[in-house]
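Let's take a look inside a protein model and see what its interior has to show. Have the structure open while you read.

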Protein chains: 2
Amino acid sequence: VKTLSELGEDPLIERLIALVPHSPDPLAGPGDDCAVIDPGPFSATLLLLKTDALVAHVHYLPDAPPQAIGWKAAARVISDFAAMGGWPEHFLVTLALPATTAVAWVEEIYRGLGAAMNQYGGTLAGGETARVPAGSAAVISIAATGSVARENLVLRSTGQPGEVLLVTGTLGGSIHGKHLNFSPRLAEAAWLVAHHKPTAMMDLSDGLGKDLPRLALASGCGFLLDKTAIPLTPGCTAKDAIADGEDYELLFAIESQRVAGLLADWAMVFPELPLSEIGKLVNKGTGHSLAGGWDHFG
Amino acid sequence: VKTLSELGEDPLIERLIALVPHSPDPLAGPGDDCAVIDPGPFSATLLLLKTDALVAHVHYLPDAPPQAIGWKAAARVISDFAAMGGWPEHFLVTLALPATTAVAWVEEIYRGLGAAMNQYGGTLAGGETARVPAGSAAVISIAATGSVARENLVLRSTGQPGEVLLVTGTLGGSIHGKHLNFSPRLAEAAWLVAHHKPTAMMDLSDGLGKDLPRLALASGCGFLLDKTAIPLTPGCTAKDAIADGEDYELLFAIESQRVAGLLADWAMVFPELPLSEIGKLVNKGTGHSLAGGWDHFG
């Protein structure tokens with residue numbers, strides 16, 4: 001019997017989506033950061049949908065500060081809306097918890113969720129609490145709707161060979177704290193789509209080693225990565241930066257002739273956040289390959 | 001330290017929603033079957049949002065047919081949309097599973113989800129698969145959007161004293177099979193809101209003993225229940241029908257002078273599905289009280 005760990009996450013998703021009806025003409029493929037729904041020609045915005053789960057022992061340690069866990073649960077979803085050029089609107093929160101969980105712990109989770117919504121927008125629309133058997137891991141599942149102005153939507157599948165790849169912030173070492181208290185790049189992405197719209201974009205959640213090949217594959221391209229150009233979190237090697245994951249930085253592509261203008265403007269608007277050229281998209285079947293990053297069943 | 005099982009589900013929800021920002025003027029309270037979002041005055045429909053989770057060992061036995069589990073996961077959410085007078089549109093599916101789960105089992109879950117979408121409408125918009133530690137219970141979390149025509153929205157909070165309470169189908173004994181293969185009352189609810197619009201409605205998921213007091217409380221009413229009038233699943237007592245849960249029938253209120261006309265029309269349109277008067281709403285602080293039904297942390 002083949003198990004999930006033997007098959008891996010991406011092939012699994014491909015097999016599953018073939019088994020259920022889906023929108024005949026989706027604006028974003030099922031592998032993109034969010035689903036994109038067109039409410040019709042009279043709507044200036046598109047509807048974004050996202051679901052994301054945190055599991056105890058897998059995505060956080062049970063003794064981590066619960067307010068930080070709640071923050072992370074909401075911020076991960078907000079990061080996905082940012083990566084499409086949009087913003088969060090309505091959150092649905094599902095907590096599957098052992099009956100022995102302390103009420104105070106759950107309240108702290110909600111305080112963290114609330115802090116992220118207060119900072120980045122969005123409100124609680126509903127939720128559910130369900131019981132898991134004693135000894136089972138807690139699961140925090142966040143579903144949310146968002147919106148994106150029709151002209152600002154950026155997919156990960158629309159890059160072209162020759163375009164330059166850039167990344168915000170520094171990569172690697174998130175396990176030392178950033179994975180719990182990162183800042184989703186919502187304002188940065190909103191500025192980008194308004195002033196220097198990328199041709200393709202995603203957020204880095206599973207590590208550059210996993211996510212860069214995904215962006216290239218979705219765009220029907222290969223890629224070149226200059227490992228010496230990767231912006232490193234202090235104390236990290238390029239290998240860490242490729243493999244660690246949970247950076248929640250933006251990875252995007254833009255035509256080469258627009259890079260200089262973007263970098264000059266960026267340095268004025270976001271002087272404290274690095275923006276780094278790390279490589280480029282090339283023709284499919286050429287370029288580098290990467291190993292590393294996070295497979296959810298690996 | 002107070003735990004979830006000591007506090008109970010409804011008081012927990014009340015405490016949690018105070019901790020996060022929520023829509024200042026919601027069309028439906030957080031206790032209703034779905035959240036209701038008004039996209040603005042130019043939209044003929046309102047947006048419905050719902051999230052619902054199934055946990056192994058709690059909501060289904062691990063050796064239950066996985067296609068039936070998938071069906072149930074989608075059908076529960078569809079039942080909630082029906083209870084507001086609406087219909088399902090976009091599904092987000094989150095599976096939190098041990099890495100040793102067989103791929104074939106997951107595919108059967110998706111076949112069941114797909115069967116429910118094919119029968120009742122809605123398509124897959126996105127999903128996620130996450131790993132839980134070995135030995136942890138699987139969690140299947142479904143979030144979905146739906147729509148309801150603005151004039152057809154029915155809440156559970158808008159009943160009035162004197163109105164008659166009715167219930168579809170028969171109650172009790174769902175554990176013998178119905179809990180896995182029930183039919184959400186989508187067509188029945190759509191017909192009701194179009195032709196004999198209830199003043200208040202909900203679906204019975206946690207049992208009449210839990211849900212009837214919820215509808216009355218949300219409407220600021222008490223209730224009278226004629227236990228001899230409860231439509232019983234063959235082999236069940238009134239006590240079973242009150243306590244068992246997972247009926248997924250519609251419970252609704254309607255003005256007394258409209259009952260005869262409704263019953264006459266119903267018998268012609270849905271001759272095979274009973275519709276039964278079981279009591280009425282009365283002034284707050286009067287009427288019966290009920291024990292039983294399902295508390296998610298009890």
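## What counts as a cavity

A cavity here is a set of grid points where a 1.4 Å probe fits but cannot get out. Keep in mind that this is a predicted model. With that idea in hand, how many cavities of 30 Å³ or more turn up in a search of the whole structure? The search finds two.

## The largest cavity

The largest cavity holds about 60 Å³ of space. Both chains help to line it: chain A gives A:Leu49, A:His90, A:Leu92, A:Ala143, A:Ala144 and A:Thr145, and chain B gives B:Leu49, B:His90, B:Leu92, B:Ala143, B:Ala144 and B:Thr145. Strand 3 (87-98) and strand 5 (139-149) of chain A each give two or more residues to this lining, and so do strand 3 (87-98) and strand 5 (139-149) of chain B.

What kinds of residues are these? Eight in the lining are nonpolar, four are polar and none is charged.

## The second largest cavity

Next comes a cavity with about 30 Å³ of space. From chain A, its lining takes A:Thr51, A:Leu92, A:Thr94, A:Ser141, A:Ile142 and A:Ala143. From chain B come B:Thr51, B:Leu92, B:Thr94, B:Ser141, B:Ile142 and B:Ala143. Once more, strand 3 and strand 5 of chain A, together with strand 3 and strand 5 of chain B, are the elements that give two or more residues. This lining divides into six nonpolar and six polar residues, with no charged ones.

## Strand 3 of chain B and its partners

Let's follow one of those strands. Strand 3 of chain B has 10 of its 12 residues buried, so it is largely enclosed by the rest of the structure.

Which way do strand 3 and strand 5 of chain B run, parallel or antiparallel? They run antiparallel, joined by nine bridges, and B:Trp87 stands opposite B:Ser147 of strand 5. Strand 3 of chain B also pairs with strand 4 (residues 123-132) of chain B, in the parallel sense and over nine bridges. There, B:Thr94 has B:Glu128 as its bridge partner. To get from strand 3 to strand 4 of chain B, the chain passes through helix 4 (residues 103-120), and this β-α-β crossover is right-handed.

## A helix in chain A

Now for helix 7 (residues 208-218) of chain A. Its buried residues are A:Leu208, A:Gly209, A:Asp211, A:Leu212, A:Arg214, A:Leu215 and A:Ala216. Just after helix 7, A:Gly220 takes a positive phi of about 70°.

Key:
Residues numbered from 1 in each chain as written. Chains lettered and ligands numbered in written order. Predicted model: local features only at pLDDT ≥ 70, side-chain atom pairs only at ≥ 80, totals over all residues. Heavy atoms only, no water. 1 Å grid on protein atoms, 1.4 Å probe; cavity = no way out; pocket = protein on both sides within 12 Å on 5 of 7 lines; lining within 4 Å. Points joined across faces, edges and corners; volume = space filled by probe spheres on them. Helix = DSSP H or I, 4+ residues; strand = E, 2+ residues; numbered from the N terminus. Nonpolar A, V, L, I, M, F, W, Y, C, P; charged D, E, K, R; others polar. Buried < 20%, exposed > 50% of the residue type's maximum accessible area, 1.4 Å probe, protein only. Pairing = 2+ DSSP bridges. Right-handed = clockwise from strand over helix to strand, strands pointing away.
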